[in-house]
Amino acid sequence: MGSAYVVGTFDTKGAELRYVAGLIARGHSVVTVDLSTTGEVSDADVSAAAVAAHHPDGPDAVFTGDRGSAVTAMALAFERFLTARDVDGIIGLGGSGGTALITPGMRVLPVGVPKVMVSTVASGDVSSYVDATDIAMFPSVTDVAGLNRISRRVLANAAHALLGAVTCPVPATEDKPAVALSMFGVTTPCVTEVARQLSAGYDPLVFHATGTGGRAMEKLVDDGLVRAVLDITTTEVCDLIAGGVMSAGEQRLDAIARTGVPYVGSCGALDMVNFGALDTVPPQYRDRNLYVHNPQVTLMRTSVGECRRIAEFIAAKLNACSGPVRFLLPIGGVSMLDAPGQPFYDPEADAVLFDVVESRVRQTADRRVERVPHNVNDPEFAAALVAAFREVAGSGEKTGQEAR
């Protein structure tokens, strides 16, 4: 059994950290870790110097006397320190600097390891701290600067949340291999049908392709927690290329290539770029084909030129994959809106998208691009995806056991 880790800067927040550690120690073993960058000695189980020794350039790279560089260096040292530890769960306390110091280390731990961060910045935009992981952010309400009637209650709630997570086992379920699927509202019929067909033999994990969703899916791939990937909705690439608000970054598809996980992909929602409310669409796009999805989301139809660049990006990533790859092209349209009579129906743009993917991917016996004469949401396309999945999934597939 591992321990619950209580981490933070003991030089300024020692009383709060010891208070939290004492509460958790009532029900689980605890290791306290000091991340101070001042060089002061504390009573933590693991000293700041011991953590700093994990920096690739040694502890002198951490204790520089310059707070900014010291925090950055200690964060790196803490990441490397944690990877060698048996961590049952982790809780950190901090202000903006402490949160930036602690959360990178939390993010290297696998999804499912309980992670709680009590922070003064937890009520704002925390995406840069949480990213694609499962860090639970607790607003501290008052500053993390002493114990008082408010901070005791907030810190106790956070401590007990972690204690519950590390001491209460998750109820056992049937152990089926996990398969990851990417989905958007405009590809929901397809993904739902594919998941239904695979559910008897697999545990389908569906990710919303909002940027964070794609990154979360690929983190699970990196963590070795999924058997195969059905990346039906690669729309985040559109936002990367055209400057939308739901990009998963340049790293999209890198985990697929890096790990060699069996992969079936498609062009789901490559007809759209996401922006916020209509008045937030950048001026250079105001004359484009725009569709108000709801008051908070405006979609823009991808152009011929953008489709070419999207296809080139995807093809380059697929060429880097070492595992089995199938990439299916839905000739009848890539989303609900890309069908005859719908606002984003554009056969010319789709043709460029399909042609460039087909011509740029270096096809082999195990890396193939296939045209399917249906819309992405047609039942026939879902059937083609499942058939391709069977080809790449290997021995984990339980042929004939899908839900009917």
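A residue is called buried here when its relative accessible area is under 20%, and with that cut-off in hand the predicted model can be followed from one of its helices to the next.

Helix 13, which runs over residues 379–393, has Phe381, Ala382, Leu385, Val386, Ala388, Phe389, Val392 and Ala393 as buried residues. Seen down the axis of helix 13, these buried residues fall within an arc of 165°, so they line one face of the helix. What they pack against is a set of elements from elsewhere in the chain, namely strand 6 (178–183), helix 7 (188–198), strand 8 (228–231), strand 9 (263–266), strand 13 (325–330) and strand 14 (367–372). The helix itself has 15 residues and reaches 21 Å from its first C-alpha to its last, close to the 21 Å expected at 1.5 Å a residue. Just after helix 13 comes Gly394, which takes a positive phi of about 75°.

A second helix can be read in a similar way. Helix 6 comprises the 19 residues 149–167, which at 1.5 Å a residue should span 27 Å, and its end C-alpha atoms are indeed 27 Å apart. Its buried residues are Ser151, Val154, Leu155, Ala156, Ala158, Ala159, Leu162, Leu163 and Val166, and the elements that cover them include strand 1 (3–8), helix 1 (10–25), strand 3, strand 4 (115–119) and strand 5 (136–139).

Strand 3, residues 87–94, contains Ile90, and this residue gives a closer view of the contact with helix 6, since Leu162 is among the residues that Ile90 touches. Leaving aside residues up to four places away in sequence, Ile90 also touches Tyr5, Val7, Phe78, Leu82, Met106, Leu109, Pro114, Lys115 and Val116. Ile90 is buried, with a relative accessible area of 0%. Pro177, by contrast, lies 87 residues from Ile90 in sequence and 27 Å from it in space, C-alpha to C-alpha.

The packing of one helix on another remains to be considered. Two packed helices are described by the angle between their axes and the distance between the axes. Helix 11 (residues 304–319) and helix 12 (residues 347–360) pack at an angle of about 25°, with their axes 8 Å apart. They are therefore roughly parallel to each other, and their crossing is right-handed. On the side of helix 11 the contact is made by Val304, Cys307, Arg308, Ile310, Ala311, Glu312, Ala315 and Asn319, which meet Glu348, Ala349, Val352, Leu353, Val356, Val357 and Arg360 in helix 12.

Methods:
Residues are numbered from 1 along each chain as its sequence is written. This is a predicted model: local features need pLDDT of at least 70, side-chain atom pairs count only at pLDDT 80 or more; totals for chains, interfaces and linings use all residues. Side-chain values use heavy atoms; hydrogens and water are left out. Helices (H or I, at least four residues) and strands (E, at least two) are DSSP runs, numbered from the N terminus. The expected span of a helix is 1.5 Å times one less than its number of residues. Buried means under 20% relative accessible area, exposed over 50%, partly exposed in between (1.4 Å probe, protein chains only). The arc is that of the directions from the helix axis to the C-beta atoms. Contact means heavy atoms within 4.5 Å. Axes are lines fitted to C-alpha atoms, for helices over the stretch in contact, and angles run from 0 to 180 degrees between N-to-C directions. Angles under 35 degrees count as roughly parallel, over 145 as roughly antiparallel, 65 to 115 as roughly perpendicular and the rest as oblique. A crossing is left-handed if the near helix is turned anticlockwise from the far one by less than a right angle, and right-handed if clockwise.
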